[in-house]
Amino acid sequence: MRDLSFVTQRLPGVSVISVAGEVDTTTAGQLDRYIRHSRRLPGEHVVIDLSEAQFMGSAGLRVLLNTHAFARQHSGSLHLAAPHPKLARIMEITQAHTVLNVHATVEQAVLAALSSPATESLSPASRGEDAG
């Protein structure tokens, strides 16, 4: 089993959680616990940097979908950044990318999180708007 590691960078208005390793049925609980304990507030904007995540199975996707739902319920948002091409493909196959906010870079994800008021992040149409 490959180790899963996390690093959190706190920026004004958003926390960036970097995930490295493989997220599968045995490690998805670690990801879920880390995200829950890393939040400053339930409605915080969170960016998850997936550039160093080599694998994500259905259990990991479930954690991300649940985190997204929790954030929306509390007027926050979840944005995913820089998924490895294999992870991006899994999100396409499962259609998770139609629900989750996926960005090519961490910078794009942070800007998207900061530029959308919580009420806008609830509307799929407004997520596609360019705030500037």
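1. A nonpolar core, as meant here, is a set of buried Ala, Val, Leu, Ile, Met, Phe, Trp, Tyr and Cys residues joined through side-chain atoms within 4.5 Å. In this predicted model, the largest such core has 23 residues, and those with the most contacts inside it are Val19, Leu31, Ile48, Leu50 and Leu80. Strands E2 (14-23), E3 (45-56) and E4 (77-81) each give two or more residues to this core, as do helices H1 (28-38), H2 (58-73) and H3 (85-94). The most comes from E3, with five residues.

2. Ile48 deserves a look of its own. Leaving aside residues up to four places away in sequence, Ile48 touches Ile17, Val19, Ile35, Leu64, Leu78, His79, Leu80 and Ala81. Apart from the largest core lies another one, of seven residues, including Val14, Val16, Val110 and Ala113.

3. On to the strand pairing. E2 and E3 run parallel and are joined by nine bridges; glutamate 22 has phenylalanine 55 in E3 as its bridge partner. Between these two strands the chain passes through H1, in a β-α-β crossover that is right-handed.

4. E3 also pairs with E4: five bridges join these strands, which run parallel. Here aspartate 49 has alanine 81 of E4 as its bridge partner. With H2, the strands E3 and E4 make a right-handed β-α-β unit.

5. H1 is a nice helix to view end-on. Its buried residues are Ala28, Leu31, Asp32, Ile35 and Ser38. Why do the buried residues line one face of the helix? Looking down the axis of H1, they fall within an arc of 140 degrees, so they share one face. As background, an α-helix has 3.6 residues a turn, so residues three or four places apart point the same way. The buried residues of H1 pack against strand E1 (5-11), E2, E3 and H2, whereas Arg36 and His37 are exposed on the other side of the helix.

6. Finally, the aromatics. How many aromatic pairs does a search of the whole structure find? There is one. Phenylalanine 6 and tyrosine 34 have ring centres 4.5 Å apart and planes at 15 degrees; planes under 30 degrees apart count as stacked, so this pair is stacked. The pair links distant parts of the chain, with phenylalanine 6 in strand E1 and tyrosine 34 in helix H1, 28 residues apart. Is tyrosine 34 buried or partly exposed? At 24% relative accessibility, tyrosine 34 counts as partly exposed, because buried would mean under 20%.

Key:
Residues are numbered from 1 along each chain as its sequence is written. This is a predicted model: local features need pLDDT of at least 70, side-chain atom pairs count only at pLDDT 80 or more; totals for chains, interfaces and linings use all residues. Side-chain values use heavy atoms; hydrogens and water are left out. Buried means under 20% relative accessible area, exposed over 50%, partly exposed in between (1.4 Å probe, protein chains only). Helices (H or I, at least four residues) and strands (E, at least two) are DSSP runs, numbered from the N terminus. Contact means heavy atoms within 4.5 Å. Two strands pair if DSSP finds at least two bridges between them. A crossover is right-handed if, with the strands pointing away from the viewer, the path from the first strand over the helix to the second runs clockwise. The arc is that of the directions from the helix axis to the C-beta atoms. Rings of Phe, Tyr and Trp (its six-membered ring) pair if their centres lie within 6.5 Å; planes under 30 degrees apart count as stacked, over 60 as edge-to-face and the rest as tilted.
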